[in-house]
Amino acid sequence: MIKFEGEHLLPGQIGHFFVILALVSSFISLMAYYNASRAINQESKIKWEQYGRILFLIQGISILSIFSIIFYICSHHYYEYMYAYKHASKELEYKYLLACIWEGQEGSFLLWSIWHAVLGSIICFRKKDNEWKAPLMTIVNVAQFFLMLMILGIYFFGVRIGNSPFTLTRNEIPAPIFSQPNYLTFLKDGMGLNVLLRNYWMVIHPPILFLGFASTIIPFGFAYAGLQTKKYGDWIKPALPWALFSAAILGIGIMMGGKWAYESLSFGGYWAWDPVENASLVPWLIMVAGVHTMLIYKSTGHSLKASYWFSILSFIFVLYSTFLTRTGILGDTSVHAFTEAGKAINIMIGIFVLMFAIPIILLYFKHQKNIPVIIKEEETSSREFWMFIGALILFLSSLFIILITSIPVYSKTPLLNDLIIKIHGGPLALPEDPEFLYNKVMILVAIILGLITAFSQYLKYKSTPRSAFIKKIVYPTILSAIITAILAIVYPYTYYKHGAGFLGAIYTASFCMIYSFIANAMYIRIGLKDKFSHAGGSISHAGFAIMIVGMLISSSNKVVISDSKVNGINIPASIDPMSKKQDNPTENLTLIRQVATKMGEYDVTYLKDSAGNEKGRKFYALEFQSKKNKGNEKFILKPDVYLMKDNNMSSNPDTKSFLTKDIFTYISFAINGDNNTDTASFRETTIGEGEKGFYSNGYFLLNKVSKNPNNEKYHFKENDIALMADLTFVSNDSMHYKANPIVIADSFGILQIDDTVYAQNLFVKFVGVSEGRKIKVGIKESKTLIDFITVKSYIFPYINLVWFGLILMSIGIFISIIKKFRLSNTIAITILTIVSTGLIYMFLFAN
Amino acid sequence: MKRTHIIILIGIAVLIVGLLVFSVDFSTYDTIDSAKNKQGKFVHIIAKLDKSQSINYDPINNPNYLEFYAVDSLGGKTKVIYHNNKPTDFEKSERIVLKGKMQKDYFDCKDILLKCPSKYKDDKKMLEKNIKEQDSSK
């Protein structure tokens, strides 16, 4: 037995003790609350609840202690612990120390259980809803028990149950250095937080998202409580504000992920229908559907069964999304490369999902016949009718999304996979354009939801007199038709990629969403007489509508300004019949240092590079100068590249935000290593066809000037205005090099496409035409290697509508929550101010 | 119109969506050899970068042209042309998923998904390697 030097084993032992304590206390609390929920006399019920509450408190404190100890280990860089070694490093800034904890699987399970502990404590210490506490807390404790199992790390019959965050590095990794007592002196630094994740969103997005996930257990618990207590409909009223809370937080959490992806990851957008994104969207859609059916039940007594289903399924799909993202089953389909943590853990996660799903569904069917149903159908002129249809559409769309997202699961299901291979000719994979598969269905969903949310507010519960309804709805209808028409004329969509039918669908969806916005905004005036405390629904519908309009505009009219005529014109890409553009634009553009290059309406110059605060981070200053507004519009973007250990690289975009558009740019390729400054400038020579010019290392010949060349590199047509100089450079060692600089006149002005003779470190520019059939050729000679970067640059128009809509939607939901909880005015205003300033700051100003 | 009628209508809408989805040409996972038998058809290939061959990427002349060779676990091999930038950490990837169409003598790649060791933090082998490097740099 070796005595190792310098290890700090105490924190780990304490941590491990708390894991076991949390596990045991959640189990006892579970039993206590379960007994309480089945107790017949009031006295023993109160006694069991007391036990349950105390043990839940012990469990909550234990979980907080576990978290604090992990934080302590990571912040002190105790690399004898595997978790610190894997996730922390000395260079890590303080704010990322928290983030590095939830980078790992154990940490994110812990984060989830912390929120369960917080929400559970609120429930069991509130003075209200006493009759529901016992069954609700039973459910919370079951979840806590499972989550603690995930981080237990104890062997049972040779199988390790869960991965403990307190394992020692030397026990986990077989390497010779661990046979030396002083091995710690060699473990100088940990692996640190993945640089892709070093972003302030990583600090804030996971806690909010996990709060959203954790909060879905409360409506689930209420649904269970309804069945368990046999008070089949009474749970809806106390569950509704929690369902609203869940919808708000989960919605914000998901869009924070979108904003993060947009700001700091080089996916080129805020939503990509990635499996990981979808997996969190699905519970949200179902929760929103559930909120609506609960509202229907509260007002009319209809839709109780649907409320059960949606409350149950929302949480089940949270568990399913954990299964999808944490077991590595998505491996080959997602850019979010979550990894497999071992077979045992995967099976445990699977059991976790089934342990919740199967019993509750069995229980539901056992009680189904007792759940009260109103036999009389709703009138089609009633509000509840259309709310139900809307909820159903939300639910169906969520099913569609999860069915497509689960494709990788089918390949892992033995019999199903064989069947697919037989029919399909191979394991199923997503089609060539997976985003379009989602978009073409979701655009129909948007159209229906837009219409329903627009007019249903004007309907009354039970039934609505026809004339009054028509009178009220007519103005918003006309107004939104006019606005859509103006939009179509002034700012038409240019998304021709999928043909006229899809373009028509985008316009229809835009109309429906504008309609929804106008109708809801006007309803606050007409229907609610400006009573904002009642306007939660209208405000959130209006916000949702703006968000979707923003998504439609920013995606349809997104422009790739780095799509160059220069590069890769020799690609045999098909030409879109409507736009006459290549339908597969080549999105990268090479920027040579100090040489201005045209990008859309901008001249972009790569000015210089500079080191960042962190080791290995490098910023590239790009100057954008607009040709419009007399060239006054000028700004600098600084996208950066992170060089890590192992020479891994990660690229972070930079975005210039205007009120109406964002210019989004990131480095797609940079030369590794030391760069050099290039101070040389272009030297002009006036030259005619057949004449000779000189440069320092030889001479060059102008063979010919051709108009609208059509060769392997450029494909100009007759009505273009382009000139190409055909030059041959002959160096002193008689090597011949071709160069074909081009000058093009188009709607933005004159564009020069320089050519390079890399071997001679030359840039050749077609400066312009001179008198007497001569042309001006500019030559720039670099003494050293040419420094360049390759960028991708997009314009997202009106993307702020997306964030603004989200904020409005969330504020609307919070107004409803406040009303349901009957909070006093001062508290209500304080909460709303905090929520709205927080959201506005995070989504519109931070970064 | 009654609720049941509307539900029937929604049923029809779902059916239409179903047909829409069904009409989509879902792709398949293939090996390089089986993809060669399906020329011009959009497929997914799980392969590895062939490090014995050179990677051709010259961004100064054309940043949208990457040429390399891929091999798969069954020994199939193909030239791949990708009209985009060279993905970050491309050379370090352990596994790549190529999406595109097999042409006569090359694979016309539309999208590349990389599996990099850096993302595999939980991979023990990676950690082992990392520790050995620290060990040797002492």
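In what order do the elements of chain B run from the N terminus on? In this predicted model, they follow the order α-β-α-β-β-β-β-β-β-α, and the views below begin with that chain before turning to chain A.

**View 1. Chain B and the elements that make it up.** Chain B holds 3 helices and 7 strands, and the run of elements has a helix at its start and another at its end, as the order α-β-α-β-β-β-β-β-β-α shows. The chain has 138 residues, of which 33% count as buried. Looking at contacts in chain B between residues at least 6 apart in sequence, one finds that 46% of them join residues at least 24 apart.

**View 2. The surroundings of B:T31.** The residue B:T31 sits in the loop that links β1 (27-30) to α2 (32-36) of chain B. Leaving aside residues up to four places away in sequence, B:T31 is in contact with B:D72, B:L74 and B:G76. B:T31 counts as partly exposed, because 18 C-beta neighbours are found inside 10 Å, a number that falls short of the 20 or more required for a buried residue and exceeds the limit of 12 or fewer for an exposed one. Along the chain B:T31 and B:Q103 are 72 residues apart, and their C-alpha atoms are separated by 14 Å.

**View 3. The domains of chain A.** Chain A is divided into domain 1, which covers 1-193, domain 2, which covers 589-668, and domain 3, which covers 683-783. Between the C-alpha centres of domain 1 and domain 2 of chain A there is a distance of 43 Å.

**View 4. Helices α5 and α8 of chain A.** Helix α5 (residues 105-125) packs with helix α8 (residues 200-215) of chain A at an angle of about 55 degrees, and their axes are 9 Å apart. The angle makes α5(A) oblique to α8(A), and the crossing of the two is right-handed. On the side of α5(A), the residues that take part are A:S108, A:L111, A:W112, A:W115, A:H116 and A:L119, and these meet A:P206, A:P207, A:F210, A:L211, A:F213, A:A214 and A:S215 in α8(A). Sorted by class, this contact includes 10 nonpolar and 3 polar residues, with no charged residues.

**View 5. Helices α10 and α21 of chain A.** Here helix α10 (residues 236-264) and helix α21 (residues 800-821) of chain A pack with their axes 9 Å apart, at an angle of about 160 degrees. With that angle, α10(A) is roughly antiparallel to α21(A), and the two helices form a left-handed crossing. Among the residues of α10(A) that take part are A:L240, A:F245, A:G251 and A:M255, while those of α21(A) include A:L806, A:F814, A:K820 and A:F821. The contact of α10(A) with α21(A) has 14 nonpolar, 3 polar and 1 charged residues.

**View 6. Two loop residues of chain A with positive phi.** The residue A:H77, although not a glycine, has a positive phi of about 55 degrees, and its place is in the loop between α2 (42-75) and α3 (82-87) of chain A. A:H77 counts as partly exposed, because it has 18 C-beta neighbours inside 10 Å. A:F157, another residue other than glycine, has a positive phi near 50 degrees and lies in the loop between β1 (154-156) and β2 (159-161) of chain A. Is A:F157 buried or exposed? With 5 other C-beta atoms within 10 Å, A:F157 is exposed.

How values were computed. Residues are numbered from 1 along each chain as its sequence is written. Chains are lettered from A and ligands numbered from 1 in the order in which they are written. This is a predicted model: local features need pLDDT of at least 70, side-chain atom pairs count only at pLDDT 80 or more; totals for chains, interfaces and linings use all residues. Domain bounds come from an automatic or database domain assignment. Helices (H or I, at least four residues) and strands (E, at least two) are DSSP runs, numbered from the N terminus. Two residues are in contact if their C-beta atoms, placed from the backbone, lie within 7 Å. Axes are lines fitted to C-alpha atoms, for helices over the stretch in contact, and angles run from 0 to 180 degrees between N-to-C directions. Angles under 35 degrees count as roughly parallel, over 145 as roughly antiparallel, 65 to 115 as roughly perpendicular and the rest as oblique. A crossing is left-handed if the near helix is turned anticlockwise from the far one by less than a right angle, and right-handed if clockwise. Ala, Val, Leu, Ile, Met, Phe, Trp, Tyr, Cys and Pro count as nonpolar, Asp, Glu, Lys and Arg as charged, and the others, Gly among them, as polar.
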